[in-house]
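Student: I should like to examine this protein with you by question and answer. May we begin once the sequence and structure are in view?

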Amino acid sequence: MFIRIMQLGIALYYGEIGNFKDGEMEDPTCHNKDMLGNITGAEDETRIDMQYPAQYKGQDLYSQQEDEQSQGWVSWAWSFVPAIVSYDDGEEDFLGNDPTSTTHQQKTQTLRNPIVSIGFYCTKATVTFKLTEMQAESSYYSPQKVKSREVLCWEQEGTTVEALMMGEPFFDCQIGFVGCRALCLKGIMGVKDFEENMNRSETEACFFICGENLSMKGLTYLTNSLFDYRSPENNGTRAEFILDAAHHKETYTEIAGMQRFGAFYMDYLYTMENISGKGSANQQDFSSGKSEDMGTVQEKSTKSLVIGPLDFRLDSSAVHRILKMIVCALEHEYEPYSGLKPDIKDENETILNPEEVASLEEYIPTRHTSVTLLKCTFTIFMAEFNLLDHLLPVIMGEKNSSNFLNTTNFQSLRPLPSIQILVDKINLEHSVPMYAEQLVHVVSSLTQPSDNLLHYCYAHCYLKIFGFQAGLTSLDCRGSYCLPVPIIPSFSTALYGKLLKLPTCWTKRSQIAVTEGIFELPNLTIQATRAQTLLLQAIYQSWSHIGNVNSLSVNEALMNEVFQTIGVKSKNPLPTLEGSIQNVELKYCSTSLVKCASGTMGSIKICAKAPGDSGKEKLIPLLQGPSDTKDLHSSKWLNESRKPESLLAPDLIAFTVQVPQYMDYYHNSGEYKFIIIHLFCIFFSSKAFKKDFFEKP
């Protein structure tokens with residue numbers, strides 16, 4: 001129900017609530033236009049008139065008559081905004097009464113699109129999630145009662161929601177909070193892990209912490225609000241609002257948002273700019289649908305989300321509660337708020353002339369989303385109990401209900417080994433055309449669309465990870481962690497992917513890529529001793545062996561061998577197996593005809609580290625390439641360190657694979673198709689191999 005409320009809010013914002021009956025096709029002229037109307041300041045898919053010339057619009061989606069008939073409660077509420085915004089006489093005298101003056105035009109525009117600033121502030125909020133179940137009375141004929149049990153609690157401090165709007169040309173919403181945390185309550189699925197008689201600390205119950213404490217951070221979340229004594233309004237001056245997109249981005253940066261809040265900061269900005277019309281864009285002009293009168297309108301939507309330092313502990317209690325929430329979200333019978341439109345291309349589309357194509361290429365509205373996570377810590381503990389066989393089938397769609405077992409007593413395991421992952425920064429960027437359906441229909445009808453137009457017909461996604469490292473640690477009975485043992489040293493990686501919008505519109509163009517992805521990994525190293533490998537295996541088995549209610553025991557000798565006791569002098573280093581790869585690049589592309597994958601690997605090295613003389617480590621190479629093997633037959637080659645001759649040496653491995661999409665189509669087709677399949681062409685840069693194998697008899 002909580003997710004349902006959020007979906008309702010999003011559907012109201014974008015005007016996507018459909019009122020058509022089952023089995024009844026929605027009228028395309030009324031798509032996204034229902035009794036609720038359109039939210040002011042929000043971009044929606046129906047505003048094609050503001051972006052593309054009238055010559056190739058299939059229909060007028062926004063006529064003045066339809067606006068009057070389908071005006072909803074949102075438009076009705078917005079019509080009262082000018083009435084509640086007052087303008088004093090001093091300002092009227094200052095601006096003057098000359099209708100031709102620039103200041104008078106600005107004032108007229110301000111009266112038409114008043115500036116409205118709304119703020120909501122909350123010092124502390126607590127949300128408790130409960131699970132309900134039917135419980136029968138002792139008597140057979142007694143009615144069943146609904147019993148609820150607390151399982152999860154979310155606490156949030158210093159919450160701010162601020163909205164600034166000026167009609168349709170400008171809308172901005174900023175949301176942030178100083179700190180938050182999530183705690184486990186009572187029991188879950190019959191396991192009484194946090195009942196009152198367990199006497200477990202609040203630190204153990206808290207599995208998610210983000211941001212800072214409000215008492216330490218202060219009242220920064222109230223900055224420039226009416227609750228701030230330093231705000232202009234509280235000092236007798238008029239507030240100046242930033243209504244320019246460029247100035248807004250320079251002022252409200254990610255750093256400024258984190259300094260004000262600390263845990264979470266979101267900035268949603270939507271702008272609509274008229275760059276060549278007769279006057280500024282306003283709500284009345286946009287609803288009329290006369291693009292020739294108002295000139296070229298440029299829309300842009302950006303969402304920036306920043307999440308501050310967070311600590312996420314995934315133990316058995318947290319994992320089962322999170323998955324139970326997912327199961328509850330999937331087990332519902334609610335009707336969707338809007339019906340999906342069939343992906344059918346209109347065959348009666350008008351072909352654009354070169355002037356219209358050039359006008360289209362000047363600017364294409366997009367939605368851009370950026371998510372940044374800073375200083376993340378993820379800790380995956382050994383499973384103290386594992387009942388995922390009652391949850392995973394529901395999530396995977398294999399079962400409809402998640403009925404549970406009898407009540408079970410819980411026994412905590414200490415010391416509790418875990419895998420700790422540290423990440424310095426994670427950045428995710430996503431961009432998609434604002435009017436994807438209309439844009440794809442137009443571009444796909446062109447004979448030779450430019451690369452720029454094709455670029456905007458895709459949804460693009462970039463993922464960058466900086467400073468990723470992992471190690472082993474252990475939680476003792478006092479709630480403190482031992483020093484982490486490194487398993488994966490710090491590295492960075494990047495991933496890029498794009499997906500073609502409305503692929504059914506491109507069926508006649510087999511050369512157009514439907515999906516494309518690129519993965520880059522500069523270097524990766526993994527190192528572990530035999531004891532560390534056995535401990536990793538034990539953690540994996542605790543989660544893979546589903547159905548274990550009681551906690552698994554851990555060998556004390558194994559724990560002592562992996563984790564050194566503080567204050568005790570360490571022994572000689574244990575033999576370690578280390579593997580590393582460098583300069584890995586993978587590419588994937590698929591069209592309507594073929595799937596293609598290619599990749600390269602610069603070098604690989606696998607060696608064993610063993611204690612040597614005088615306390616020095618001794619390296620024993622097991623596999624290394626590329627390597628100069630010209631002296632492989634001599635004993636000197638075994639005693640020397642083998643390194644690549646140059647960083648510009650050829651890649652160790654390069655491969656390309658192409659596979660047709662539909663084999664039966666090519667077998668039955670009368671045409672001759674050129675399908676090339678490259679099967680793992682591997683190239684080794686070994687001089688000795690080339691010389692001895694090809695030159696010697």
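The discussion below treats the predicted model, from its overall make-up to individual contacts.

Student: How many helices and strands does the secondary structure of the protein come to?

Tutor: The model is predicted. Of its 697 residues, 38% count as buried. Residues 24 or more positions apart account for 76% of the contacts with a separation of 6 or more. The secondary structure comes to 22 helices and 18 strands.

Student: Which strand gives the most residues to the largest nonpolar core?

Tutor: The largest nonpolar core has 76 residues, and F207, F208, L472 and V562 have the most contacts inside it. The element that gives the most to this core, with 6 residues, is strand 3 (residues 170–184).

Student: Which residues are included in the second, separate core?

Tutor: This second core is separate and has 18 residues. One of its members, L439, is also among the buried residues of helix 16. The residues included in the second core are I364, L439, C457 and I512.

Student: Why is helix 16 described as largely enclosed by the rest of the structure?

Tutor: The cover over the buried residues of helix 16 includes helix 14 (354–362), strand 11 (416–433) and helix 17 (451–455). The buried residues themselves are A436, Q438, L439, V440, H441, V442, V443 and S444. Helix 16 (residues 436–444) is largely enclosed because the buried residues number 8 of the 9.

Student: Which residue of strand 8 does D267 stand opposite?

Tutor: Strand 7 is mostly covered, with 10 of its 11 residues buried. On one side, strand 7 pairs with strand 3 in the antiparallel sense over 8 bridges, and there Q174 stands opposite D267. Strand 7 is also joined to strand 8 (residues 297–307) by 11 bridges, again antiparallel. In strand 8, the residue opposite D267 is S304.

Student: What is the angle between the planes of the aromatic pair F177 and F264?

Tutor: A search of the whole structure finds 11 aromatic pairs. The pair F177 and F264 is stacked, with 5.2 Å centre to centre. It links distant parts of the chain, since F177 lies in strand 3 and F264 in strand 7 (residues 264–274), 87 residues apart. Both residues are buried, and the angle between their planes is 15°.

Student: What distance separates the C-alpha atoms of F312 and F378?

Tutor: F312 is placed in strand 9 (residues 310–314). Leaving aside neighbours within four places in sequence, F312 is in contact with F207, F208, I322, T377, F378 and T379. F312 and F378 are 66 residues apart along the chain, yet their C-alpha atoms are separated by 4.9 Å.

Student: Which residues do ring pairs link into a cluster?

Tutor: Beyond its neighbours within four places in sequence, F207 is in contact with residues including L152, A182, F312 and I322. F312 has contacts with F208 and F378. The cluster linked by ring pairs consists of W154, F207, F208, F312 and F378.

Student: At what distance from the ring centre does R4 lie over the face of Y337?

Tutor: Two placements of a charged side chain over a ring may be set side by side. The charged end of K498 sits over the ring of Y458, 4.3 Å from its centre. For R4 over the face of Y337, the distance from the ring centre is 3.9 Å.

Definitions and conventions. Residues numbered from 1 in each chain as written. Predicted model: local features only at pLDDT ≥ 70, side-chain atom pairs only at ≥ 80, totals over all residues. Heavy atoms only, no water. Helix = DSSP H or I, 4+ residues; strand = E, 2+ residues; numbered from the N terminus. Contact = heavy atoms within 4.5 Å. Buried < 20%, exposed > 50% of the residue type's maximum accessible area, 1.4 Å probe, protein only. Core = buried A, V, L, I, M, F, W, Y, C linked by side-chain atoms within 4.5 Å. Phe/Tyr/Trp six-rings, centres within 6.5 Å; stacked < 30°, edge-to-face > 60°. Lys NZ or Arg CZ within 6 Å of the ring centre and 35° of its normal. Pairing = 2+ DSSP bridges.
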